[in-house]
Amino acid sequence: MDHSGHGMDMHMDLPPFTLGRGLEFSFDAFFLFGSLLGLALYGWGVLRLRRRGDSWPLGRTIAFALGVLTVLLVMCTKLNDYGMVMFSVHMVQHMVISMITPILVLLGAPVTLALRALPPAGRGRKGPRELLLALLHSRYMRVITHPAFTIPMFIASLYALYFTPLFDFLMESRAGHISMMVHFFAVGMIFFWPIMGIDPGPHRPGYVMRMLELFAGMPFHAFFGIALMMASQPMIKTYANPPASLGIDPLLDQQWGGGIAWAFSEIPSVLVLIALIYQWYHSEQRAAKRSDRAADRNGDQELEAYNAYLASLQARGQ
């Protein structure tokens, strides 16, 4: 179904929502071709590494592929059509594309793969690899991945969008709807990247600080969901008068949407926490192995120096 025009009249013929209807394929050129391009580029990078004898963890490939599939699931099915007229379905789209998709994509380490797969441009020249490195080390990237930016942006994407006329304005056009969804994904990426991303980045705090960053943003999601659940009237104009064919009460639909937003403040927190603890454990293991190798190379010089010190004390005492 084409969303050009994006008015309610384009969706008047939708039957009542069921999961089966929601999961039917619905063509959306931007997200379909964008997703396929992302998978193709990632696959090219993995094959390039394999051809030269380098390995790439299968788990990362699976995580990235699942992340892209979540985009296809919510944007290239009838969920995208129902999301135009049902707030609860739109909220599923928003939560998946801003919280589940970024986590999975980041666990796929696409930037690390690109840095390993792209060939160097040569002395004095700048190719895609050099431009990517320059972007990673730029002041712009330091700003947008700093918690002083990411946490307020994460919160503003809820309150400043839904509780102002901006949401209704964006929903009036196809370009507005696409830009809103891309924004949700981008905000999720910059919020979760410093916290649990594998890729190198300008802002990489310690593990305790990362957990604090995670929990600093999540309560606002819960408050947002509760505000929608407790409202006595529809708060978002776009969804105030749903098509009669759906047979839904807009206030009840809004309450369902609030419940979905509240639940999604918990689910990603658990997923990210598990990933963080796993990464922390492995970093400690690697540090211990490095320490052991250093001790083996040095022939336990610290112990020998301590024994020599004791011997000198004994000699002075005689």
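Contact here means that heavy atoms lie within 4.5 Å. In this protein, residues 24 or more positions apart account for 77% of the contacts with a separation of 6 or more. The model is a predicted one, in which local features need pLDDT of at least 70 and side-chain atom pairs count only at pLDDT 80 or more, while totals for chains, interfaces and linings use all residues. Residues are numbered from 1 along each chain as its sequence is written, and side-chain values use heavy atoms, with hydrogens and water left out.

The secondary structure comes to 15 helices and zero strands, where helices (H or I, at least four residues) and strands (E, at least two) are DSSP runs, numbered from the N terminus. Buried residues make up 43% of the 318 residues, buried being under 20% relative accessible area with a 1.4 Å probe and protein chains only.

Helix 5 deserves a closer look, and some of its values are set out below.

| Feature of helix 5 | Value |
|---|---|
| Expected span, at 1.5 Å times one less than its number of residues | 30 Å |
| Distance between end C-alpha atoms | 29 Å |
| Closest approach of its axis to that of helix 12 | within 14 Å |

Helix 5 covers residues 87–107, and 19 of its 21 residues are buried. Just after this helix, Ala109 takes a positive phi of about 50 degrees.

The axes of helix 5 and helix 12 (residues 207–230), which are lines fitted to C-alpha atoms over the stretch in contact, cross at roughly 175 degrees. The two helices are therefore roughly antiparallel, a label for angles over 145 degrees. Their contact is made by Phe87, Met91, Met95 and Met99 of helix 5 and by Met218, His221, Phe224 and Leu228 of helix 12.

Key. Buried means under 20% relative accessible area, exposed over 50%, partly exposed in between (1.4 Å probe, protein chains only). Axes are lines fitted to C-alpha atoms, for helices over the stretch in contact, and angles run from 0 to 180 degrees between N-to-C directions. Angles under 35 degrees count as roughly parallel, over 145 as roughly antiparallel, 65 to 115 as roughly perpendicular and the rest as oblique.
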